[in-house]
Amino acid sequence: MSIVDHATLNVALVYPMRGPAGIFGPTCELCARLAAEEINEAGGVLGRELRLVPVDGGTPPEQVAAEVESLVRMGAVDGVTGWHISSVRQAVAPRIAHRVPYVYTALYEGGERTEGVFMTSETPADQLLPAMRLLARERRVRRWYVVGNDYVWPRRTAREARRYAVDCGGSVAGETYLPLGTHDYRDVLRRIEQTGADAVVMLLVGSDAVRFNRAFARSNLDARCLRLSTLMDENMLLASGAGATAGLYSTAGFFAGLVTRENLDFHGRYAARFGVEAPPLGSLGESCYEGVRLLAALISRAGSLDVRAIGASAESVSYEGPRGRLWMRDRHLCQRIYLAEADALDLNVVAELTS
(Lines give C-alpha, C1' and ligand atoms only; values in the text may rest on other atoms or scores of the structure.)
Protein backbone atom coordinates (compact mmCIF):
# COMPACT_ATOMS: atom_id res chain seq x y z
CA MET A 1 0.00 0.00 0.00
CA SER A 2 3.04 2.31 -0.24
CA ILE A 3 1.82 3.41 -3.68
CA VAL A 4 -1.74 4.67 -3.87
CA ASP A 5 -3.38 3.86 -7.22
CA HIS A 6 -6.14 6.37 -7.94
CA ALA A 7 -7.20 4.42 -11.02
CA THR A 8 -8.84 1.93 -8.66
CA LEU A 9 -11.51 2.28 -5.99
CA ASN A 10 -9.88 0.69 -2.96
CA VAL A 11 -12.14 -0.68 -0.24
CA ALA A 12 -10.99 -1.95 3.15
CA LEU A 13 -12.63 -5.33 3.75
CA VAL A 14 -12.67 -5.78 7.52
CA TYR A 15 -13.50 -9.39 8.41
CA PRO A 16 -12.38 -11.85 11.13
CA MET A 17 -9.23 -13.80 10.33
CA ARG A 18 -8.85 -15.08 13.90
CA GLY A 19 -10.77 -15.41 17.16
CA PRO A 20 -14.25 -16.89 17.65
CA ALA A 21 -15.63 -15.32 14.46
CA GLY A 22 -12.72 -16.62 12.39
CA ILE A 23 -14.76 -19.78 11.75
CA PHE A 24 -16.76 -17.98 9.05
CA GLY A 25 -14.03 -15.53 7.97
CA PRO A 26 -13.11 -17.48 4.80
CA THR A 27 -16.71 -17.33 3.57
CA CYS A 28 -16.78 -13.58 4.25
CA GLU A 29 -13.67 -13.13 2.12
CA LEU A 30 -14.87 -15.23 -0.81
CA CYS A 31 -18.32 -13.66 -0.92
CA ALA A 32 -16.79 -10.17 -0.94
CA ARG A 33 -14.35 -11.18 -3.69
CA LEU A 34 -17.22 -12.53 -5.80
CA ALA A 35 -19.11 -9.24 -5.45
CA ALA A 36 -16.04 -7.20 -6.40
CA GLU A 37 -15.36 -9.35 -9.46
CA GLU A 38 -18.97 -9.08 -10.64
CA ILE A 39 -18.93 -5.30 -10.19
CA ASN A 40 -15.70 -5.01 -12.16
CA GLU A 41 -17.02 -7.21 -14.94
CA ALA A 42 -19.96 -4.80 -15.21
CA GLY A 43 -17.66 -1.77 -15.56
CA GLY A 44 -16.55 -1.00 -12.01
CA VAL A 45 -17.62 1.98 -9.90
CA LEU A 46 -17.54 5.45 -11.43
CA GLY A 47 -15.36 3.96 -14.15
CA ARG A 48 -12.81 2.64 -11.66
CA GLU A 49 -11.90 -0.93 -10.82
CA LEU A 50 -12.97 -1.94 -7.31
CA ARG A 51 -10.17 -3.52 -5.30
CA LEU A 52 -10.44 -5.05 -1.82
CA VAL A 53 -7.83 -4.38 0.86
CA PRO A 54 -8.13 -7.07 3.59
CA VAL A 55 -7.98 -6.03 7.25
CA ASP A 56 -8.15 -8.51 10.13
CA GLY A 57 -11.30 -7.64 12.07
CA GLY A 58 -10.57 -10.34 14.66
CA THR A 59 -7.91 -8.33 16.52
CA PRO A 60 -8.76 -5.99 19.45
CA PRO A 61 -11.12 -3.17 18.44
CA GLU A 62 -8.67 -0.31 18.94
CA GLN A 63 -6.05 -2.14 16.87
CA VAL A 64 -8.52 -2.63 14.02
CA ALA A 65 -9.61 1.00 14.22
CA ALA A 66 -6.02 2.26 14.15
CA GLU A 67 -5.23 0.18 11.05
CA VAL A 68 -8.35 1.28 9.18
CA GLU A 69 -7.84 4.92 10.13
CA SER A 70 -4.26 4.74 8.89
CA LEU A 71 -5.41 3.42 5.51
CA VAL A 72 -8.00 6.21 5.23
CA ARG A 73 -5.57 8.91 6.31
CA MET A 74 -3.02 7.82 3.68
CA GLY A 75 -5.71 7.83 0.99
CA ALA A 76 -5.11 4.12 0.51
CA VAL A 77 -8.82 3.24 0.75
CA ASP A 78 -11.93 5.06 -0.46
CA GLY A 79 -14.46 3.08 1.59
CA VAL A 80 -14.83 0.43 4.28
CA THR A 81 -17.06 -2.62 4.57
CA GLY A 82 -17.14 -6.07 6.16
CA TRP A 83 -18.39 -8.27 8.99
CA HIS A 84 -16.94 -7.56 12.45
CA ILE A 85 -18.39 -7.38 15.93
CA SER A 86 -20.10 -4.25 17.22
CA SER A 87 -17.27 -3.25 19.55
CA VAL A 88 -15.03 -3.04 16.46
CA ARG A 89 -17.63 -0.94 14.64
CA GLN A 90 -17.89 1.41 17.61
CA ALA A 91 -14.11 1.90 17.55
CA VAL A 92 -13.87 2.32 13.77
CA ALA A 93 -16.88 4.52 12.98
CA PRO A 94 -15.91 7.71 14.89
CA ARG A 95 -12.47 7.67 13.28
CA ILE A 96 -13.37 7.25 9.62
CA ALA A 97 -17.09 7.42 8.84
CA HIS A 98 -17.15 11.16 8.18
CA ARG A 99 -14.25 10.75 5.70
CA VAL A 100 -15.25 7.71 3.65
CA PRO A 101 -18.47 5.65 3.34
CA TYR A 102 -18.59 2.70 5.75
CA VAL A 103 -20.98 -0.21 5.11
CA TYR A 104 -21.30 -2.43 8.18
CA THR A 105 -22.59 -5.93 7.36
CA ALA A 106 -22.99 -7.70 10.71
CA LEU A 107 -26.36 -8.13 12.41
CA TYR A 108 -26.24 -5.75 15.34
CA GLU A 109 -28.05 -4.26 18.31
CA GLY A 110 -29.52 -1.30 16.40
CA GLY A 111 -29.24 2.43 16.96
CA GLU A 112 -26.18 3.29 14.83
CA ARG A 113 -26.52 6.92 13.70
CA THR A 114 -22.95 7.97 12.81
CA GLU A 115 -22.87 9.95 9.57
CA GLY A 116 -21.47 7.88 6.72
CA VAL A 117 -22.30 4.49 8.26
CA PHE A 118 -24.76 2.23 6.40
CA MET A 119 -26.02 -1.18 7.59
CA THR A 120 -26.88 -4.26 5.53
CA SER A 121 -27.99 -6.64 8.24
CA GLU A 122 -30.63 -7.41 10.82
CA THR A 123 -31.59 -5.65 14.06
CA PRO A 124 -33.48 -7.13 17.05
CA ALA A 125 -36.85 -5.55 16.21
CA ASP A 126 -36.89 -7.15 12.76
CA GLN A 127 -35.11 -10.38 13.64
CA LEU A 128 -35.43 -11.41 17.30
CA LEU A 129 -38.89 -10.09 18.21
CA PRO A 130 -40.88 -11.90 15.48
CA ALA A 131 -38.90 -15.10 16.09
CA MET A 132 -39.68 -14.99 19.82
CA ARG A 133 -43.34 -14.32 19.03
CA LEU A 134 -43.53 -17.33 16.74
CA LEU A 135 -41.84 -19.70 19.19
CA ALA A 136 -44.02 -18.43 22.04
CA ARG A 137 -47.11 -19.11 19.95
CA GLU A 138 -46.13 -22.37 18.23
CA ARG A 139 -43.82 -23.96 20.81
CA ARG A 140 -45.36 -22.38 23.94
CA VAL A 141 -42.13 -20.85 25.14
CA ARG A 142 -42.69 -18.75 28.26
CA ARG A 143 -39.42 -18.76 30.19
CA TRP A 144 -36.35 -17.54 28.31
CA TYR A 145 -32.70 -17.55 29.34
CA VAL A 146 -30.13 -15.29 27.64
CA VAL A 147 -26.55 -16.48 27.09
CA GLY A 148 -24.21 -14.05 25.34
CA ASN A 149 -20.67 -12.88 24.98
CA ASP A 150 -19.78 -9.93 27.16
CA TYR A 151 -19.83 -6.90 24.87
CA VAL A 152 -22.25 -4.38 23.44
CA TRP A 153 -24.24 -6.48 20.93
CA PRO A 154 -25.33 -9.25 23.35
CA ARG A 155 -26.01 -6.89 26.25
CA ARG A 156 -28.11 -4.41 24.28
CA THR A 157 -29.92 -7.18 22.43
CA ALA A 158 -30.71 -8.85 25.76
CA ARG A 159 -32.21 -5.58 26.98
CA GLU A 160 -34.62 -5.78 24.05
CA ALA A 161 -35.20 -9.51 24.64
CA ARG A 162 -36.44 -8.81 28.17
CA ARG A 163 -39.07 -6.48 26.75
CA TYR A 164 -39.96 -8.86 23.91
CA ALA A 165 -40.41 -11.76 26.32
CA VAL A 166 -43.03 -9.79 28.26
CA ASP A 167 -44.75 -8.81 25.00
CA CYS A 168 -44.93 -12.54 24.18
CA GLY A 169 -46.54 -13.41 27.51
CA GLY A 170 -43.38 -14.65 29.20
CA SER A 171 -40.23 -13.48 30.94
CA VAL A 172 -36.45 -13.76 30.93
CA ALA A 173 -35.55 -16.06 33.81
CA GLY A 174 -31.84 -15.30 33.77
CA GLU A 175 -28.88 -13.90 31.86
CA THR A 176 -25.22 -14.86 31.63
CA TYR A 177 -22.45 -13.03 29.77
CA LEU A 178 -19.14 -14.72 29.01
CA PRO A 179 -15.81 -13.52 27.59
CA LEU A 180 -15.09 -14.13 23.92
CA GLY A 181 -13.18 -17.40 23.67
CA THR A 182 -15.01 -19.17 26.53
CA HIS A 183 -14.60 -22.97 26.66
CA ASP A 184 -16.31 -23.98 29.92
CA TYR A 185 -20.12 -23.72 29.98
CA ARG A 186 -20.89 -25.95 32.96
CA ASP A 187 -21.97 -23.15 35.28
CA VAL A 188 -24.33 -21.50 32.82
CA LEU A 189 -25.87 -24.84 31.87
CA ARG A 190 -26.62 -25.51 35.54
CA ARG A 191 -28.30 -22.10 35.82
CA ILE A 192 -30.42 -22.74 32.74
CA GLU A 193 -31.55 -26.06 34.19
CA GLN A 194 -32.31 -24.55 37.60
CA THR A 195 -34.53 -21.82 36.11
CA GLY A 196 -36.59 -24.34 34.15
CA ALA A 197 -36.17 -22.24 30.99
CA ASP A 198 -38.13 -23.32 27.92
CA ALA A 199 -35.66 -21.69 25.50
CA VAL A 200 -32.27 -20.03 25.38
CA VAL A 201 -31.61 -16.87 23.39
CA MET A 202 -28.06 -17.49 22.15
CA LEU A 203 -26.01 -14.34 21.57
CA LEU A 204 -22.67 -16.10 21.16
CA VAL A 205 -20.15 -15.54 18.38
CA GLY A 206 -18.71 -18.21 16.11
CA SER A 207 -16.75 -20.96 17.81
CA ASP A 208 -18.12 -19.90 21.21
CA ALA A 209 -21.60 -20.84 19.97
CA VAL A 210 -20.19 -24.10 18.57
CA ARG A 211 -18.76 -25.10 21.94
CA PHE A 212 -21.98 -24.07 23.69
CA ASN A 213 -24.05 -26.22 21.32
CA ARG A 214 -21.88 -29.25 22.02
CA ALA A 215 -22.01 -28.72 25.79
CA PHE A 216 -25.77 -28.13 25.65
CA ALA A 217 -26.31 -31.48 23.94
CA ARG A 218 -23.99 -33.32 26.34
CA SER A 219 -26.05 -31.99 29.26
CA ASN A 220 -29.25 -33.36 27.63
CA LEU A 221 -30.87 -29.94 27.92
CA ASP A 222 -31.75 -30.17 24.24
CA ALA A 223 -34.40 -32.77 25.17
CA ARG A 224 -36.61 -30.10 26.77
CA CYS A 225 -35.15 -26.65 26.03
CA LEU A 226 -35.03 -24.88 22.68
CA ARG A 227 -32.29 -22.57 21.44
CA LEU A 228 -32.82 -19.44 19.34
CA SER A 229 -29.76 -17.79 17.79
CA THR A 230 -29.57 -14.59 15.78
CA LEU A 231 -26.01 -15.48 14.76
CA MET A 232 -25.88 -19.08 13.54
CA ASP A 233 -24.77 -19.91 10.02
CA GLU A 234 -24.02 -23.13 8.16
CA ASN A 235 -20.31 -23.09 9.04
CA MET A 236 -21.12 -22.94 12.76
CA LEU A 237 -23.79 -25.62 12.36
CA LEU A 238 -21.35 -28.01 10.67
CA ALA A 239 -18.75 -27.40 13.38
CA SER A 240 -21.35 -28.07 16.11
CA GLY A 241 -22.08 -31.52 14.70
CA ALA A 242 -25.37 -33.22 13.89
CA GLY A 243 -25.79 -34.46 17.45
CA ALA A 244 -25.70 -30.95 18.90
CA THR A 245 -28.36 -29.19 16.84
CA ALA A 246 -31.71 -30.65 17.96
CA GLY A 247 -34.15 -27.90 18.91
CA LEU A 248 -31.91 -25.17 17.49
CA TYR A 249 -33.46 -22.25 15.61
CA SER A 250 -31.77 -19.41 13.74
CA THR A 251 -33.18 -16.18 12.37
CA ALA A 252 -31.60 -14.14 9.56
CA GLY A 253 -32.17 -12.43 6.25
CA PHE A 254 -30.37 -15.17 4.32
CA PHE A 255 -29.97 -18.92 4.57
CA ALA A 256 -28.12 -21.11 2.11
CA GLY A 257 -31.16 -23.40 1.86
CA LEU A 258 -33.58 -20.69 0.68
CA VAL A 259 -35.21 -21.91 -2.52
CA THR A 260 -35.40 -18.71 -4.52
CA ARG A 261 -34.20 -17.86 -8.00
CA GLU A 262 -31.79 -15.25 -6.62
CA ASN A 263 -30.27 -17.65 -4.10
CA LEU A 264 -29.93 -20.52 -6.56
CA ASP A 265 -28.19 -18.20 -9.02
CA PHE A 266 -25.87 -17.01 -6.24
CA HIS A 267 -24.96 -20.59 -5.31
CA GLY A 268 -24.18 -21.34 -8.93
CA ARG A 269 -21.88 -18.33 -9.33
CA TYR A 270 -20.13 -19.02 -6.01
CA ALA A 271 -19.49 -22.68 -6.88
CA ALA A 272 -18.38 -21.85 -10.42
CA ARG A 273 -15.85 -19.31 -9.11
CA PHE A 274 -14.49 -21.08 -6.02
CA GLY A 275 -15.34 -24.76 -6.53
CA VAL A 276 -17.65 -27.17 -4.78
CA GLU A 277 -15.24 -27.53 -1.83
CA ALA A 278 -15.32 -23.81 -0.99
CA PRO A 279 -16.41 -22.85 2.55
CA PRO A 280 -20.19 -23.21 2.89
CA LEU A 281 -22.37 -20.23 2.15
CA GLY A 282 -24.24 -18.73 5.09
CA SER A 283 -25.83 -15.48 6.22
CA LEU A 284 -22.66 -14.08 7.80
CA GLY A 285 -20.42 -14.59 4.78
CA GLU A 286 -23.14 -13.55 2.34
CA SER A 287 -23.50 -10.27 4.23
CA CYS A 288 -20.05 -9.29 2.92
CA TYR A 289 -21.31 -9.81 -0.64
CA GLU A 290 -24.12 -7.40 0.21
CA GLY A 291 -21.65 -4.99 1.80
CA VAL A 292 -19.55 -4.66 -1.34
CA ARG A 293 -22.64 -4.46 -3.57
CA LEU A 294 -24.30 -1.83 -1.37
CA LEU A 295 -21.15 0.31 -1.12
CA ALA A 296 -20.78 0.28 -4.90
CA ALA A 297 -24.48 1.11 -5.35
CA LEU A 298 -24.32 4.01 -2.89
CA ILE A 299 -21.26 5.56 -4.56
CA SER A 300 -22.67 5.04 -8.05
CA ARG A 301 -26.01 6.59 -7.12
CA ALA A 302 -24.35 9.65 -5.57
CA GLY A 303 -21.86 9.92 -8.44
CA SER A 304 -19.32 10.84 -5.80
CA LEU A 305 -17.22 9.58 -2.90
CA ASP A 306 -18.38 12.48 -0.73
CA VAL A 307 -19.98 11.06 2.43
CA ARG A 308 -22.68 13.74 2.62
CA ALA A 309 -23.66 13.28 -1.02
CA ILE A 310 -23.85 9.52 -0.51
CA GLY A 311 -26.03 9.95 2.57
CA ALA A 312 -28.34 12.38 0.77
CA SER A 313 -29.06 9.94 -2.05
CA ALA A 314 -29.01 6.70 -0.03
CA GLU A 315 -32.80 6.36 0.26
CA SER A 316 -33.09 6.07 -3.52
CA VAL A 317 -30.72 3.08 -3.70
CA SER A 318 -32.17 -0.35 -4.44
CA TYR A 319 -30.85 -3.46 -6.16
CA GLU A 320 -31.45 -7.19 -6.47
CA GLY A 321 -29.11 -9.65 -4.75
CA PRO A 322 -29.11 -13.14 -3.24
CA ARG A 323 -31.63 -11.89 -0.64
CA GLY A 324 -34.00 -10.66 -3.35
CA ARG A 325 -34.99 -7.03 -3.93
CA LEU A 326 -33.30 -4.76 -1.36
CA TRP A 327 -33.72 -1.06 -0.66
CA MET A 328 -32.49 1.52 1.83
CA ARG A 329 -34.46 3.17 4.62
CA ASP A 330 -32.90 5.21 7.42
CA ARG A 331 -29.45 3.96 6.31
CA HIS A 332 -30.47 0.32 6.84
CA LEU A 333 -31.00 -2.25 4.10
CA CYS A 334 -34.62 -3.44 4.09
CA GLN A 335 -35.07 -7.16 3.48
CA ARG A 336 -37.11 -10.26 4.27
CA ILE A 337 -36.28 -12.06 7.54
CA TYR A 338 -36.66 -15.82 8.03
CA LEU A 339 -36.73 -18.38 10.83
CA ALA A 340 -34.91 -21.64 10.19
CA GLU A 341 -34.82 -24.86 12.22
CA ALA A 342 -31.75 -27.05 12.34
CA ASP A 343 -32.18 -30.54 10.93
CA ALA A 344 -28.89 -32.26 11.75
CA LEU A 345 -26.47 -30.25 9.57
CA ASP A 346 -29.01 -28.23 7.58
CA LEU A 347 -30.88 -25.03 8.40
CA ASN A 348 -34.37 -25.42 6.95
CA VAL A 349 -36.45 -22.26 6.61
CA VAL A 350 -39.79 -22.75 8.38
CA ALA A 351 -41.26 -19.25 8.24
CA GLU A 352 -40.90 -15.76 6.83
CA LEU A 353 -41.15 -13.38 9.78
CA THR A 354 -43.08 -10.13 10.06
CA SER A 355 -41.74 -7.44 12.37
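**Exercise 1. Find what the buried residues of α5 pack against, and list the buried residues.**

Solution. The buried residues of α5 pack against α3 (86–96), α4 (124–138), β6 (143–149), β7 (171–178) and β8 (199–203). Packing here rests on contact, meaning heavy atoms within 4.5 Å. Helices (H or I, at least four residues) and strands (E, at least two) are DSSP runs, numbered from the N terminus. This is a predicted model, in which local features need pLDDT of at least 70 and side-chain atom pairs count only at pLDDT 80 or more, while totals for chains, interfaces and linings use all residues. Residues are numbered from 1 along each chain as its sequence is written, and side-chain values use heavy atoms, with hydrogens and water left out.

Next, the list: V152, W153, P154, T157, A158, E160, A161, Y164 and A165 are buried in α5. Buried means under 20% relative accessible area, exposed over 50%, and partly exposed in between (1.4 Å probe, protein chains only). An α-helix has 3.6 residues a turn, so residues three or four places apart point the same way.

**Exercise 2. Compare the span of α5 with the expected one, and state what follows the helix.**

Solution. Helix α5 covers residues 152–167, which is 16 residues. The expected span is 1.5 Å times one less than the number of residues, and for α5 this comes to 22 Å. From first C-alpha to last, α5 reaches 23 Å, close to that value. Just after the helix, G169 takes a positive phi of about 85 degrees.

**Exercise 3. Locate L46 and D330, and describe the phi and exposure of each.**

Solution. Start with L46, which sits in the loop between α1 (25–41) and β2 (49–56). Its phi is positive, about 55 degrees, although L46 is not a glycine. L46 is partly exposed, at a relative accessible area of 41%.

Then take D330, in the loop between β12 (324–329) and β13 (332–334). D330 is not a glycine either, and its phi is positive, near 55 degrees. D330 is partly exposed, with a relative accessible area of 40%.

**Exercise 4. Describe the whole protein: its elements, radius of gyration and burial.**

Solution. First, the protein has eleven helices and 15 strands. Second, a compact globule of 355 residues would have a radius of gyration near 20 Å, and the protein agrees, with 20 Å. The radius is taken over C-alpha atoms, and the globule rule is 2.2 Å times the number of residues to the power 0.38. Third, 60% of the 355 residues are buried.
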